[in-house]
Amino acid sequence: MKKIAVFPGSFDPFTIGHEAIVRRALSLFDEIIIAVGANTLKKSFYPLDTRKEMIGKAFKDEPRVIVDHYTGLTVDFCKLKGAGYLLRGLRTSADFEFERAIGQVNKSMAPEIESVFLLTAPDHSFINSTIVRDIIMNGGDASRFVPEGINIKDYKGTEDLSFKL
Ligand code: ADP
């Protein structure tokens, strides 16, 4: 049976930290679905379609990576896609505590789905989407923090100043 993993997240925007986790996980799974959470209550800096387009560009060389989006429970999306694995990245002990709670809840809701955690490389452990957005919103050059295939300057984020970092 095909080993399919879902890598869920906000990816607002997708960073080299996210990219590294997916590329490493390609040695573990046959297919990885990068699933952008389309949470209508959570404001995003980049619109959903923009985030999906950026991720598609980062993996245009990799047919085993699929970009999709979902609403609702992540485990329900996994079941819908026939994915037996949930992929997440761990940077810090704070990530671990957060992921432990989510992982345990997911396990109790869907025992057949395994969560798999990959530790970030040390040089990616400080990279997060919030910092990248902050650089962009303040007119800085964030290109070194996003995958090579993404020309971040081509994309416009929201100008809504009430957007919270
Ligand atoms: P979420 O809103 O679900 O936390 P994110 O887009 O922030 O979505 O992150 C998605 C996943 O990628 C999470 O598992 C997160 O821990 C992981 N991640 C984020 N940044 C990095 C990084 N620099 N290195 C490794 N994993 C990361």
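**Strand pairing and nonpolar cores**

In this predicted model, strand β4 (residues 85-90) and strand β5 (residues 114-119) pair in the parallel sense over six bridges. Between these two strands the chain passes through helix α4 (residues 93-109), and the resulting β-α-β crossover from β4 to β5 is right-handed. Within this pairing, Leu 86 has Ser 115 of β5 as its bridge partner. Leu 86 also takes part in a second pairing, since it is the bridge partner in β4 of Val 6; strand β1 (residues 4-9) and β4 are likewise parallel to one another, and their pairing extends over two bridges.

In soluble globular proteins, nonpolar side chains tend to be buried together. In the present model, the largest nonpolar core is made up of 30 residues, and those with the most contacts inside it are Phe 7, Phe 14, Val 22, Ile 32, Ile 34, Phe 59 and Leu 87. Two or more residues are given to this core by each of the elements β1, α1 (16-25), β2 (31-37) and α2 (48-58), and the largest share, four residues, comes from α1.

The surroundings of Phe 59 can be described in further detail. When its neighbours within four places in sequence are left aside, Phe 59 is in contact with Phe 14, Val 22 and Ile 34, and also with Glu 19, Arg 23 and Val 65. Apart from the core to which Phe 59 belongs, there is a second, separate core of twelve residues, among them Ala 35, Phe 77, Ala 110 and Ile 113.

How values were computed: Residues are numbered from 1 along each chain as its sequence is written. This is a predicted model: local features need pLDDT of at least 70, side-chain atom pairs count only at pLDDT 80 or more; totals for chains, interfaces and linings use all residues. Side-chain values use heavy atoms; hydrogens and water are left out. Two strands pair if DSSP finds at least two bridges between them. A crossover is right-handed if, with the strands pointing away from the viewer, the path from the first strand over the helix to the second runs clockwise. A nonpolar core is a set of buried Ala, Val, Leu, Ile, Met, Phe, Trp, Tyr and Cys residues joined through side-chain atoms within 4.5 Å. Buried means under 20% relative accessible area, exposed over 50%, partly exposed in between (1.4 Å probe, protein chains only). Contact means heavy atoms within 4.5 Å.
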